[in-house]
Amino acid sequence: MARNRGAALLLLALLLAVAGEAQDAQDQLPPRPLVIQLPTEEKRAEGADEAVELRCASWRLAGEANNLAPWAAVPKDCVPHVRAYLTGPAYRSDLDLVAREASAYARAAAPPAAAQAAWVFDIDETLLSNLPYYAQHGYGLELFDHREFDRWVETGEAPAIPSSLRLYREVRDLGFKTFLLTGRTEAHEAVTVDNLRRQGFHHWDKLILRAAADREKTATDYKSEKRKEMEAEGYKILGNSGDQWSDLLGYSMSARSFKLPNPMYYIP
């Protein structure tokens, strides 16, 4: 037993001695030179792309929060970001979230049968999507062309936004009076009605389009005036859904407003 313990102590001493010699040798080595690795062209390009993506994501958020000055077109370097957002899952997810929140509010605020509670819906980018048109026009890069857009409207091919269709039907079933308040002109009433019906929207209480007398008004003024007329008729506007702040702000505002995302254009 004693011999084994002695052998173990001797082995430990030898190991410590070897370790000490190795450390001494390491300490005698000259210091390693400082090496600075410059980023490669590929790394610099990746960093630049990330900076653009962050800047464009911030620009889009500022637009949705109504923190941008009036703008006429999507910045050129932000088009890829906007396109990826609109054609990817994030846009659909955002639309679904807005619809879920509106649905929860509508159920909580559901009016009694005889009430004159109203819900106002915008049409373009709220009930119907014009994404097929904007995909052919730079996703908002091109300045808005009324004639080109009117030709698209006249095809009557705008698809429904699925989450908005579900919300619309639920709001109707809950007993709200539904008003469709759009910036489209009265000249497009027939094609708009047909487009809406073919996409599943039925039984609205009133469709309001711009008359000739409204053409020079801002969207905010025009839609505020129409909401005031609803109130004068005895309706209480409990909900309002739109993709533009001009759909929601002004006067005679609803008790709750729901802003759908739209980074493609701005309407004052």
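**Exercise 1. Find how exposed R166 is, and which residue its side chain pairs with.**

*Step 1.* R166 has a relative accessible area of 52%. Buried means under 20%, exposed over 50%, and partly exposed in between (1.4 Å probe, protein chains only), so R166 is exposed.

*Step 2.* Now look for a partner. A salt bridge is a side-chain nitrogen of Lys or Arg within 4 Å of a carboxyl oxygen of Asp or Glu. R166 makes one with D96, at 3.6 Å from N to O.

*Step 3.* Place both residues: D96 sits in helix α4 (residues 89-108) and R166 in helix α7 (residues 162-173), 70 residues apart. Helices here are DSSP runs (H or I, at least four residues; strands are E, at least two), numbered from the N terminus.

*Step 4.* D96, at 27%, is partly exposed.

A word on the model: it is predicted, with local features needing pLDDT of at least 70 and side-chain atom pairs pLDDT 80 or more, while totals for chains, interfaces and linings use all residues. Residues are numbered from 1 along each chain as its sequence is written, and side-chain values use heavy atoms, without hydrogens and water.

**Exercise 2. Describe the salt bridges of E170 and of E148.**

*Step 1.* E170 pairs with R107, their closest N and O atoms being 3.3 Å apart. E170 belongs to helix α7 and R107 to helix α4, so this pair ties together parts 63 residues apart in sequence.

*Step 2.* E170 is partly exposed at 22%, and R107 is partly exposed at 47%.

*Step 3.* E148 meets R151 at 2.7 Å, N to O. Both lie in helix α6 (residues 146-153), three residues apart, about one turn of the helix.

*Step 4.* To round off, the structure holds 13 salt bridges, and D122, K223 and D247 are linked in a network of them.

**Exercise 3. Work out what lines the second largest cavity.**

*Step 1.* On a 1 Å grid over the protein atoms alone, a cavity is a set of points where a 1.4 Å probe fits but cannot get out; lining residues have an atom within 4 Å of a point. Its volume is the space filled by probe spheres set on the points, which are joined across faces, edges and corners.

*Step 2.* The second largest cavity holds about 60 Å³. Its lining includes L95, F121, S164 and F258.

*Step 3.* Helix α4 gives the largest share of this lining, four residues.

*Step 4.* Sort the lining: nine nonpolar, three polar and no charged residues. Ala, Val, Leu, Ile, Met, Phe, Trp, Tyr, Cys and Pro count as nonpolar, Asp, Glu, Lys and Arg as charged, and the others, Gly among them, as polar.

Technical notes. On a 1 Å grid over the protein atoms alone, a cavity is a set of points where a 1.4 Å probe fits but cannot get out, and a pocket is an open set with protein on both sides within 12 Å along at least five of seven lines; lining residues have an atom within 4 Å of a point.
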